[in-house]
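Thanks for making time. I will go through one protein model today, and you can follow along on the screen.

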Amino acid sequence: MAEFENWASSRRVITQDESLSFEAPLLKEACETWATVAEDAIPPRSAFTARLVKNFVGNLLIFERLDADDYLIRLMGTRLTTVLGEMQGTTLRQSLPTDAAECWKLALNAVLASGKPLRIVTLVGKNSLQFLEAEILLAPLYNDQDQKTMVFTVVIFRSGITKSRSVDDLVIKT
């Protein structure tokens, strides 16, 4: 496994934003798509057809809670695979270092417990290079048995640190 730093092991600040003030247009579109399908309720995963998600399918992740301690990565878009490597069909514990898997699990559990979408902005480092900023949409979904166990996730990576009001405090100055 490649050396991988995520928000769980990073000393950087993680911004959680329930106002859903996305900077990336693609995330705005994905959030609007989820909200349209949701119609003030949590939608089923089956409602998201290929046609509906075609503009952001490369950035799409679908997680499914297996139990209290782990999630299966059911779908991983090709743009994410290019950056992070193939993880589709594996669990968080199989794919990520323990700290990173735990942090993802906490975020995914929070979204399922609240029943509401969430925006996260953080820095992600891979192979000791801290160069990626991630803006993430997480939103709850029902599975085919009407259980709230799935999370619709869209991730945008940006090179470097962008100057914006939502990420000014992400880098710890030494």
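**A buried aspartate and what surrounds it**

Let me start with one residue. Leaving out residues up to four places away in sequence, D70 touches E64, R65, T91, L92, R93 and K105. This is a predicted model, so please take what follows as computed from that prediction. D70 sits in strand 4. Is D70 buried or exposed? Its relative accessibility is 4%, so D70 counts as buried, the limit being under 20%. The C-alpha atoms of D70 and Q94 are 9.5 Å apart, and these two residues are separated by 24 residues along the chain.

Now the overall layout. The protein has five helices and seven strands. Read from the N terminus, the order of elements is β-β-α-α-β-β-α-α-α-β-β-β. There are 174 residues in the protein, and 49% of them are buried. Of the contacts with a separation of 6 or more, 60% are between residues 24 or more positions apart.

Next, the cores. Here is the general expectation: in soluble globular proteins, nonpolar side chains tend to be buried together. In this model, the largest nonpolar core has 26 residues. Which of them touch the most other members? They are F63, L92, W104, L108 and L138. Several elements each supply at least two residues of this core: strand 3, strand 4, helix 3, helix 5, strand 5, strand 6 and strand 7. Helix 5 gives the largest share, seven residues.

Take L108 from that list. Neighbours within four places in sequence aside, L108 is in contact with F63, Y71, L92, L138, V151 and T153. Apart from the largest core lies another core, of 19 residues, and its members include A38, V53, L137 and M150.

On to the aromatics. A pair of aromatic rings is described by the distance of the centres and the angle of the planes. How many aromatic pairs does a search of the whole structure find? It finds three. One of them is F56 with F152, at 6.1 Å centre to centre and 85° between the planes, an edge-to-face pair. This pair links distant parts of the chain: F56 is in the loop between helix 2 and strand 3, F152 is in strand 7, and the two are 96 residues apart. F56 is buried, with a relative accessible area of 0%, and F152 is buried too, also with a relative accessible area of 0%.

A further pair is F63 with W104. The ring centres are 5.5 Å apart and the planes are at 35°, so this pair is tilted. Why tilted? Because planes under 30 degrees apart would count as stacked and planes over 60 as edge-to-face, and 35° falls in neither group. F63 and W104 also link distant parts of the chain, with F63 in strand 3 and W104 in helix 5, 41 residues apart. F63 is buried, with a relative accessible area of 2%, while W104 counts as buried at 9% relative accessibility. Both residues were named a moment ago among those that touch the most other members of the largest core. One more item on aromatics: F48, F56 and F152 form one aromatic cluster.

Last topic, the pocket. Rolling a probe the size of a water molecule over the atoms shows where empty space is left. The largest pocket has a volume of about 180 Å³. Which residues line the largest pocket? The lining is made by R45, F48, V53, L60, I62, E64, R74, L75, N143, D144, Q145 and M150. By type, the lining divides into six nonpolar, two polar and four charged residues. Strand 3 and strand 4 are the elements that give two or more residues to this lining, and strand 3 gives the most, with three.

Some of these names have come up before. F48 belongs to the aromatic cluster, V53 and M150 are members of the 19-residue core, and E64 is one of the residues that D70 touches.

I will finish with R74, one of the lining residues. R74 is found in strand 4. Its relative accessibility is 45%, so R74 counts as partly exposed. Leaving aside neighbours within four places in sequence, R74 is in contact with I62, E64, Q88 and M150. The C-alpha atoms of R74 and F63 are separated by 5.6 Å, and the two residues are eleven residues apart along the chain.

Notes:
Residues numbered from 1 in each chain as written. Predicted model: local features only at pLDDT ≥ 70, side-chain atom pairs only at ≥ 80, totals over all residues. Heavy atoms only, no water. Phe/Tyr/Trp six-rings, centres within 6.5 Å; stacked < 30°, edge-to-face > 60°. Helix = DSSP H or I, 4+ residues; strand = E, 2+ residues; numbered from the N terminus. Buried < 20%, exposed > 50% of the residue type's maximum accessible area, 1.4 Å probe, protein only. Core = buried A, V, L, I, M, F, W, Y, C linked by side-chain atoms within 4.5 Å. Contact = heavy atoms within 4.5 Å. 1 Å grid on protein atoms, 1.4 Å probe; cavity = no way out; pocket = protein on both sides within 12 Å on 5 of 7 lines; lining within 4 Å. Points joined across faces, edges and corners; volume = space filled by probe spheres on them. Nonpolar A, V, L, I, M, F, W, Y, C, P; charged D, E, K, R; others polar.
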